[in-house]
Amino acid sequence: MKSRLAKSCVCCGSQNLKKSPAILMPFISDRVFDWKPVEINDSWGLNTISNGMAYSICNSLLCQACQHLFLDIRFDDLEMKKLYEGYREEQYTNLREKYEPGYKEKNECLNLGNNYLAEIESFLSPYLKEAANILDWGGDSGENTPFKSTANLIHIYDISEKQTLPPAIKVNEKTLCKTHYDLIVCSHVLEHIPYPLDILKAIKKIIDNDSILYIELPYENFIRNSTDMGISHELKNHWHEHINFFNEKSIEMMIGNVGFKVLELNKLKVSAETCDYVFQVICQLNVVEY
């Protein structure tokens, strides 16, 4: 059974962790646990606790081996279902708007898809043949799947119930096991997952030796702006949907631990307005030849 609270690094397995108190953002605590913020006042009659707003507590953990920064709470399958069922649909959006005014407008922009698919395709093209078979693992509707206009086939494997956009087709595990994929995409998935190694191990079971795995992850501004002075877990005082904050070393150790090798790692600026960046990682099975 997986641990409720992480005891070791979810990327490299080290138990050399530092921790610092933080809070779980109220949207997450409400949607997952039905824990709502509460205001403590004089009517409570508490002698040793100060008045003020009370939020759900947690810890920020920092691995001393690979510098991976992550939330100590590791959601189980039922909690993940509560959080992501109907992801960014009406009920989800309404609750998030309640706690985070302005989210609905942001969500409308997100639904338009990303604006850097051309850069993704350019990055991948040297490693990929034309008319490829593509699997988008966690690809939602397929809106952001690369090579939609040139792929031989596009399969989507995702827990959501969203309808896929043509030419993408939603598939099950049985189809995964009997289909050869030239490219497997795992984009903006692992930052949400309690145990990201499990996803990569599942992908490893169905990927072929000559296939390419493309992983895309947020290069969080918190990490990017911390690199010169070192990552400080003490400054990470709140957690939202992204429960894993990756850096270059933690990515490489995570991928290596599963049995993949990194062919290329890039940092791409995707928004001039907010200075958002992503990690782009191309990897392949690390096949040992005898």
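Start by selecting helix H1, residues 26–33, together with helix H2, residues 77–84. In this predicted model, the two helices pack with their axes 8 Å apart, at an angle of about 120°. Angles of 65 to 115 degrees would count as roughly perpendicular and those over 145 as roughly antiparallel, so H1 and H2 are oblique to each other. Turn the view until one helix lies in front of the other: H1 passes H2 in a right-handed crossing. Now show the side chains where they touch. On H1, pick Phe27, Ile28, Arg31, Val32 and Phe33; on H2, pick Glu79, Lys82 and Leu83. Colour this contact by residue type and you will have five nonpolar residues, three charged ones and no polar ones.

Next, move along to helix H3 (residues 90–99) and helix H4 (residues 103–110). Their axes come within 8 Å and cross at roughly 140°, an angle that makes this pair oblique as well. Which residues of H3 meet H4? Select Tyr92, Thr93, Asn94, Arg96 and Glu97 in H3, and you will find them meeting Tyr103, Lys104 and Asn107 in H4. Coloured by type, the contact of H3 with H4 shows two nonpolar, three polar and three charged residues.

The next helix pair on the tour is H7, residues 196–206, with H9, residues 248–258. Here the axes are 9 Å apart and the packing angle is about 45°, which makes H7 oblique to H9. The crossing of H7 past H9 is right-handed. From H7, show Pro196, Leu197, Leu200, Lys201 and Lys204; from H9, add Met254, Asn257 and Val258. This contact of H7 with H9 divides into five nonpolar residues, one polar and two charged.

Time to leave the helices and look at some loops. Select Gln67, in the loop between strand E4 (57–63) and strand E5 (69–71). Its backbone is worth a look: Gln67 is not a glycine, yet its phi is positive, near 65°. With a relative accessible area of 25%, Gln67 is partly exposed.

Ala131 is another stop of this kind, in the loop between helix H5 (117–124) and E6. Ala131 is not a glycine either, and its phi is about 55°, a positive value. Its relative accessibility is 41%, so Ala131 counts as partly exposed.

From Ala131, step across to Asn152, since the two are in contact. Setting aside neighbours within four places in sequence, Asn152 also touches Ala132 and Asn133. You will find Asn152 in the loop between strand E6 (133–137) and strand E7 (153–157). Is Asn152 buried or exposed? At 53% relative accessibility, Asn152 counts as exposed.

Now draw a distance from the C-alpha of Asn152 to that of Pro167: it is 9.5 Å, although 15 residues separate the two in sequence. Pro167 sits in the loop between E7 and strand E8 (169–170). Zoom in on the bond between Pro166 and Pro167, a cis peptide bond with omega of about 10°.

Finish with the cysteines. How many disulfides does a search of the whole structure find? The search finds zero. Select Cys58 and Cys9: the sulfur of Cys9 is the closest cysteine sulfur to that of Cys58, but at 17 Å it is too far for a bond. Cys58 counts as buried, at 7% relative accessibility. Cys283 is in no disulfide either, and its nearest cysteine sulfur, that of Cys186, is 9.3 Å away. At 0% relative accessibility, Cys283 also counts as buried.

Methods: Residues numbered from 1 in each chain as written. Predicted model: local features only at pLDDT ≥ 70, side-chain atom pairs only at ≥ 80, totals over all residues. Heavy atoms only, no water. Axes fitted to C-alpha atoms, helices over the stretch in contact; angles between N-to-C directions. Helix = DSSP H or I, 4+ residues; strand = E, 2+ residues; numbered from the N terminus. Parallel < 35°, antiparallel > 145°, perpendicular 65-115°, else oblique. Left-handed = near helix turned anticlockwise from the far one by under 90°. Contact = heavy atoms within 4.5 Å. Nonpolar A, V, L, I, M, F, W, Y, C, P; charged D, E, K, R; others polar. Disulfide = S-S within 2.5 Å. Buried < 20%, exposed > 50% of the residue type's maximum accessible area, 1.4 Å probe, protein only.
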